[in-house]
There are 2 protein chains.
Amino acid sequence: MKVLIVHAHPEPRSFCAAMKDMAVAELRARGDTVEVSDLYAMHFDPVARGEDFRGRENPDYLVYAMEQRHGWQARTLAPDILAEVEKLQWCDFLLLSFPMFWGGVPAIMKGWFDRVLLSGPFYGGKRFYDRGGLSGRRAMLAMTLGARPHMLEDERSVHGALDTALRPVQRMTLAYVGFAVLPPFVAWHVPYVTDEARRAILDDYRARLRGLDALAPLRFPRLDEFDDRLNPLAGG
Amino acid sequence: MKVLIVHAHPEPRSFCAAMKDMAVAELRARGDTVEVSDLYAMHFDPVARGEDFRGRENPDYLVYAMEQRHGWQARTLAPDILAEVEKLQWCDFLLLSFPMFWGGVPAIMKGWFDRVLLSGPFYGGKRFYDRGGLSGRRAMLAMTLGARPHMLEDERSVHGALDTALRPVQRMTLAYVGFAVLPPFVAWHVPYVTDEARRAILDDYRARLRGLDALAPLRFPRLDEFDDRLNPLAGG
């Protein structure tokens, strides 16, 4: 596999970074090629703005998605965006490594979505979900959080179900651009657990990585379940 | 009311900015005091990192939430964070004005959550949801998006229900720190509609702002519905 790990944690010695390092070692040991975008180490700029395009289609009024399409065709995207786009097009497995902040990814990773997931090559018109520009590839979240499992177990839990919280990332982002999204790997209660428990999490994560090919992706919409106006078809 | 509008759009002449400007004018005309944090205009830095604290409790290993608590007590938070914290503590109504990017807020606003919603004054231990540090205040989203209503109407819709997509923001962020969250104001299909339709949206938004006091907040968990371990109580 060609694996892109996008990692976002402000502490280079965090447990989340240890998970990322273990994943790099494990995947390389089995023969995969692994690229890492360590967003903090790269000082990645997460703010989508007009300066992302050298030469705008419309210099007077910014419609970001339109400028993405134009910038992709005219090859005028900012170099830091283009470098990430090329890694994304190269990979066939995308691993997002992050601590959950406020029910989602840290801002520096949200900005990687905002700036790198280009309108044009990755989605546009009716090209989304199973018709998205990155279809045929797989993605997976590997996240750390402070909560215990029963706090995000189902809709009766204090924060509701984890898969619901992850809808914007897993469905409206990764699946939207075409990825088959594998079930997330979740390291629970990390700030509060013993070193022994952390070692057990790393063992579980290693086993998960070794068993990737046996995992069924999460179920998300297919466009043939909807009509031309994107209304659900009967029985859908 | 003391109103804080946090606005995040990369185009100063966008329809989203026009909504924000109308809200400022309308709220001031009725006698409210309004502060605006225009995150793009302020060049707000959305990346949570160790440099956010002048003098760390633990300079060798960053636990961001712990440093927030320490930085708040020791008054060593970065000035740009402290300025936003003070506006937040001052306000009794928080309005978040943004275009939906990837099922959530733009990265620059996500980073406002990550950096400004401090562990310590705003949450910590069992101080969250109705016991959060900002309880007694109200918040509301005012968002623009490209989709039509039937694409986010309910769980059968192509992107599922809008309120589900908004869970990380409305429940796991705003409600978590104590806000009573009013139903969102949503400007649909904005890039594709006529000027006349946009004027109608502004009229609807004005009416919404005039009727705020009649709106019931969304229903989110109360801690008395859960036991000490945060398991749901029977009947909850």
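Start with chain A on its own: this chain has seven helices and six strands. Keep in mind as you click around that the model is predicted. Colour chain A by secondary structure and walk along from the N terminus, and the elements come up as β-α-β-α-α-β-α-β-α-α-β-β-α.

**Stop 1: the whole of chain A**

Show just the C-alpha trace. Along its principal axes, the trace of chain A spans about 55 × 45 × 35 Å. Does that fit a compact globule, or not? With 236 residues, such a globule would have a radius of gyration near 18 Å, and chain A agrees because its own value is 18 Å.

Now switch on a surface. The accessible surface of chain A is about 9,600 Å², and carbon and sulfur atoms account for 50% of that. As for what is hidden, 58% of the 236 residues in chain A count as buried. If you draw contacts in chain A between residues at least 6 apart in sequence, 74% of them join residues at least 24 apart. Try colouring by charge too: chain A carries 30 positive and 31 negative charges, and their mean positions are 2 Å apart.

**Stop 2: an aromatic pair across the chains**

Bring chain B back and show the rings. Over all chains, a search of the whole structure turns up 18 aromatic pairs. For one of them, select A:W102 and B:Y176: the two rings sit edge-to-face, 5.8 Å centre to centre, with 85 degrees between the planes. This pair crosses between chains, with A:W102 in the loop between β3 (93-99) and α4 (107-116) of chain A, and B:Y176 in the loop between α6 (167-175) and β5 (180-181) of chain B.

Are these two residues buried or exposed? A:W102 has a relative accessible area of 12%, so it counts as buried. B:Y176 comes out at 17%, which is under the 20% cut-off, so B:Y176 is buried as well.

Next, add B:Y123, B:F128 and B:Y129 to the selection; together with A:W102 and B:Y176 they form one aromatic cluster.

**Stop 3: two residues with positive phi**

Stay with B:Y129 from that cluster. You'll find B:Y129 in the loop between α4 (107-116) and β4 (138-144) of chain B. Check the backbone here: phi is positive, about 50 degrees, although B:Y129 is not a glycine. With 1% relative accessibility, B:Y129 counts as buried.

Then jump to B:H43, in the loop between β2 (33-38) and α2 (64-74) of chain B. B:H43 is another non-glycine residue with a positive phi, near 55 degrees. The setting is another matter, as B:H43 has 64% relative accessibility and counts as exposed.

**Stop 4: A:H159 and B:R167**

Select A:H159, in the loop between β4 (138-144) and α5 (162-165) of chain A. Its relative accessible area is 9%, so A:H159 is buried. What does A:H159 touch, leaving aside residues up to four places away in sequence? In chain A, the contacts are A:M151 and A:L152; in chain B, they are B:F128, B:Y129, B:R167, B:R171, B:M172 and B:Y176. You have already met B:F128, B:Y129 and B:Y176 in the aromatic cluster.

For the last selection, pick B:R167, in helix α6 of chain B. B:R167 also counts as buried, at 13% relative accessibility. Again skipping residues up to four places away in sequence, B:R167 touches A:E155, A:H159, A:G160, A:A161 and A:T164 from chain A, along with B:M172 from chain B.

Technical notes. Residues numbered from 1 in each chain as written. Chains lettered and ligands numbered in written order. Predicted model: local features only at pLDDT ≥ 70, side-chain atom pairs only at ≥ 80, totals over all residues. Heavy atoms only, no water. Helix = DSSP H or I, 4+ residues; strand = E, 2+ residues; numbered from the N terminus. Rg over C-alpha atoms; globule rule 2.2 N^0.38 Å. Buried < 20%, exposed > 50% of the residue type's maximum accessible area, 1.4 Å probe, protein only. Contact = heavy atoms within 4.5 Å. Areas by Shrake-Rupley, 256 points an atom, 1.4 Å probe, with all protein chains shown as cover. Lys, Arg positive; Asp, Glu negative; His and termini not counted. Charge placed at Lys NZ, Arg CZ, Asp CG, Glu CD. Phe/Tyr/Trp six-rings, centres within 6.5 Å; stacked < 30°, edge-to-face > 60°.
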